[in-house]
Structure formats: C-alpha cells, structure tokens
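Here's a quick briefing on some local features worth a look before you set anything up. Have the viewer open and follow along.

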Amino acid sequence: MSQYWNKRTQGLQPYVPGEQPQDQAYIKLNTNENPYAPSKKVLDAMHTAVESGLNLYPDPQCRELKQAIATQYEVAYENVFVGNGSDEVLAHIFAGLFAEDKPLVCPDISYSFYPVYAQMYGIELQKVPLNNAFEIELENYPTDNGGAIFANPNAPTSIALKRDEIEKFLKRNQETVVVVDEAYVDFGGESCVPLVAQYDNLLVVKTVSKSRSLAGLRVGYAIGSPELIEGLERVKNSFNSYPLDKVALAGAKAAMEDQLSFDQARNEIMQVRARTAQALQALGFDVLSSKTNFLFASPKTMPAEKMYLALKEAGVLVRYFNQPRISEYLRITVGTAEEMQVFLGAVEKIINT
Ligand code: PMP
C-alpha cells in the first residue's frame with residue numbers, strides 16, 4: 001500500500017496469471033498455450049513487417065487485420081473489433097458496454113479476470129452457480145441485468161454449451177449486452193458467430209492466443225453488431241490509439257489466412273486430449289468432458305493441491321485453483337503427445353509413492 005496510490009488502486013485485487021517461471025525448464029501445462037509454433041507463413045509475415053521499418057506508427061484502424069478476420073468468419077468489416085489480446089478487448093467491454101446500475105450476470109466459476117474488470121470499472125457482479133456437474137445453466141440467469149458474460153467453452157471447467165442453448169437465452173435477453181468469450185471454442189465447441197446477424201446485443205470474443213499458437217503476440221478480437229463495435233472503438237480511442245503493433249498486425253493477419261496450420265494444430269490437440277483423458281481416467285481421475293485445449297480433472301485418490309505440488313517438483317506445471325468448489329481439481333493444458341507422456345508418467349509415479 002502506498003500513499004501515492006489513489007483509492008481505486010488501493011482497492012484493486014489484480015488478476016494473477018499462471019506462473020511463467022524463468023528459473024528452470026518445466027513442461028508447461030499451466031497457461032493453456034498451444035505447444036506448436038506458429039507456421040512459417042506467419043513468421044515470414046512478421047519478418048517482412050519488421051524489415052519494412054518500425055519508424056512509423058501502425059494503422060490505428062487495423063484495417064487489414066479486421067478485413068482478414070471478417071473474411072475468415074464471413075461477417076462484415078463493421079462487425080469486427082481488435083485489441084491487444086482478448087483481455088484488453090474484455091476490459092473495453094466492461095468499460096463501455098455493461099450497464100453500471102444493474103448487476104452483470106456471470107457464472108460463479110469462470111474466467112477469473114471477469115471479477116477483476118468488474119471491480120476496476122465499478123460494475124456489480126451477480127454470480128449464478130454452475131450446476132453440480134459444473135455446467136452453465138442459462139435458464140437460471142435473470143434478465144433484469146446490466147449485461148451477461150460467460151466463457152464458452154467455460155474455463156477452467158472445459159465444458160461447452162450448445163449454440164441452441166445460448167440462443168434460447170438471447171431470445172429472452174435482448175435488452176442488454178451478452179458476451180460469449182470463445183477463447184477455446186476452436187477445440188470442439190460451437191461458435192456463436194452465426195448468431196451475430198440476428199442479435200444486435202451479442203458480442204463474441206476470440207483470441208489468437210490458443211488455437212492459432214500466438215499467445216506471445218497479444219491479439220484478440222470481437223465480432224458483433226456495428227453498434228457494439230462502434231462503442232468499443234470509442235472506448236479504445238479514449239485509451240490507446242495504437243494497441244496493436246505492426247508486427248502483431250502482420251502476424252495475426254497471416255494466421256487468419258493460414259487455415260491448414262490452424263486445422264493441423266487443433267486436430268492434433270484434440271486427439272492428444274482424448275488419449276490423455278482416457279489415461280487419466282485409467283489412473284482414477286474424474287475428468288470433465290472437454291471441448292478446450294485443457295482438461296479439468298480431479299485426482300480423487302489424493303488431494304489436488306498435493307498432486308499439483310508433486311508435479312511441480314517433478315518439473316511439470318499444471319494450474320491449481322485454491323477456490324471453493326474446484327479445489328480438488330487440476331487444470332491441465334494439452335501439450336504435445338511427448339509432453340503428455342512425461343506428465344502421465346509423473347502422475348503415475350506420484351500416485352504409486
Ligand atoms: N478468455 C479466457 C476464458 C481465457 O482463458 C483467456 C486466457 N487467459 C483469455 C480470455 C485471454 O486471452 P488473451 O488475452 O491471451 O487473448
């Protein structure tokens with residue numbers, strides 16, 4: 001605490017991302033990164049951007065990237081917003097689109113950045129519990145709200161809702177903004193982008209950090225009606241006109257256009273996920289049905305925290321949340337087949353000692 005911090009800063013409880021240790025080489029299965037490198041096409045595009053010079057500012061409208069996203073998702077240019085990681089896109093949504101006089105509804109267990117942004121922007125949260133199977137039940141969400149936000153598939157639970165279920169909610173909640181965070185949707189979920197044309201209050205948030213192997217580049221985007229996008233542009237241009245640098249713009253555009261590498265990486269991850277889930281079940285774990293690039297699993301035979309610490313000791317990092325309801329679970333990112341072999345070997349050893 002410092003006398004130089006204003007009241008708001010004093011009251012903040014910042015988000016704590018998963019560890020990014022620098023001290024030793026771990027098998028990193030704790031921050032849901034993609035284990036595969038971006039393709040040569042993406043790297044070449046970034047090299048070209050650097051070689052063309054960085055003395056000038058990048059395009060503040062990010063037009064070429066927005067157009068590539070629009071083409072990829074078969075929407076109009078006016079339906080696309082881009083930001084410095086989907087975290088920044090989310091921050092602008094909290095700042096600009098959720099009402100301040102009514103609570104924002106969200107799941108009790110979801111992406112832990114939502115409460116942080118709510119606090120930062122003075123938005124009250126009304127948390128609706130997941131059911132006992134850790135599923136979001138949108139039929140329990142009140143419509144007298146200042147907005148709604150949830151991740152689909154949800155994190156850290158890995159479970160996906162069907163598009164139909166989300167549409168049912170949209171049909172009865174048309175007065176306030178509904179945000180579907182699709183950070184993990186490319187690993188088997190159903191995207192809500194096709195609903196954007198019908199529901200002006202729907203905003204779908206996405207990222208190149210997971211399925212497009214570019215967590216290090218910091219590019220996220222949102223797809224929604226032109227009026228929602230224009231609102232986000234107003235916030236963005238009141239905060240930072242150039243949130244995406246020239247290299248990030250070029251890399252993300254190339255990634256949008258590289259369908260082959262995208263499909264290869266996500267298909268491989270889905271296959272490794274299925275094999276890892278089976279192996280964990282065979283070791284006695286309870287594994288939730290995942291449509292993401294991670295597994296949410298409970299060791300059952302020993303405390304999850306103990307397993308997390310023992311894995312760390314063995315050089316494998318997974319994510320452990322010491323939080324009500326989920327303190328007996330681990331979130332395990334799906335790495336390469338080789339990494340998952342090492343992980344499973346370590347788990348087996350820990351269980352048997
Ligand atoms: N939404 C969810 C559900 C996430 O898990 C993450 C990753 N931590 C993000 C958004 C943010 O991703 P990024 O800022 O890398 O786009």
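Helices and strands here are DSSP runs, numbered from the N terminus, with at least four residues for a helix (H or I) and at least two for a strand (E). Keep in mind that this is a predicted model. The points below cover backbone oddities, a buried asparagine and a charged patch.

**Positive phi values**

- As background, most residues other than glycine have a negative phi.
- Cys62 goes the other way, with a positive phi near 55°.
- You'll find Cys62 in the loop between α2 (40-51) and α3 (63-73).
- Cys62 counts as buried because its relative accessibility is 5%, and the cut-off for buried is under 20%.
- Lys300 isn't a glycine either, yet its phi is positive at about 65°.
- Look for Lys300 in the loop that links β10 (294-298) and α10 (304-313).
- With a relative accessible area of 56%, Lys300 is exposed, since exposed means over 50%.

**Cis peptide bonds**

- Most peptide bonds are trans, so the next two are worth checking in your viewer.
- The bond joining Asn152 and Pro153 is cis, and its omega is about -5°.
- Ala155 and Pro156 are also joined by a cis peptide bond, with omega at about 5°.
- Pro153 sits in the loop between β5 and α6 (163-172), and Pro156 is placed in the loop between β5 and α6 too.

**A buried asparagine and its contacts**

- Asn201 is part of the loop running between β6 (178-181) and β7 (202-207).
- Is Asn201 buried or exposed? At 8% relative accessibility, Asn201 counts as buried.
- Which backbone oxygen does the Asn201 side chain reach at 2.7 Å? That would be the backbone oxygen of Asn173.
- The Asn201 side chain also has a polar atom 2.9 Å from the backbone oxygen of Thr176.

**A negative surface patch**

- Glu135, Glu139, Asp164 and Glu165 form a negative patch on the surface.
- One of these patch residues, Glu139, belongs to the loop between β4 (125-128) and β5 (147-151).
- Glu139 has a relative accessibility of 58%, so this residue counts as exposed.

Definitions and conventions: Residues numbered from 1 in each chain as written. Predicted model: local features only at pLDDT ≥ 70, side-chain atom pairs only at ≥ 80, totals over all residues. Heavy atoms only, no water. Patch = residues over 30% accessible without salt bridge, like charges linked within 9 Å, V, L, I, M, F, W, Y side chains within 5 Å. Areas by Shrake-Rupley, 256 points an atom, 1.4 Å probe, with all protein chains shown as cover. Salt bridge = Lys/Arg side-chain N within 4 Å of Asp/Glu carboxyl O. Lys, Arg positive; Asp, Glu negative; His and termini not counted. Charge placed at Lys NZ, Arg CZ, Asp CG, Glu CD. Buried < 20%, exposed > 50% of the residue type's maximum accessible area, 1.4 Å probe, protein only. Polar contact = N/O pair within 3.5 Å; in protein donor to acceptor, adjacent residues only side chain to side chain.
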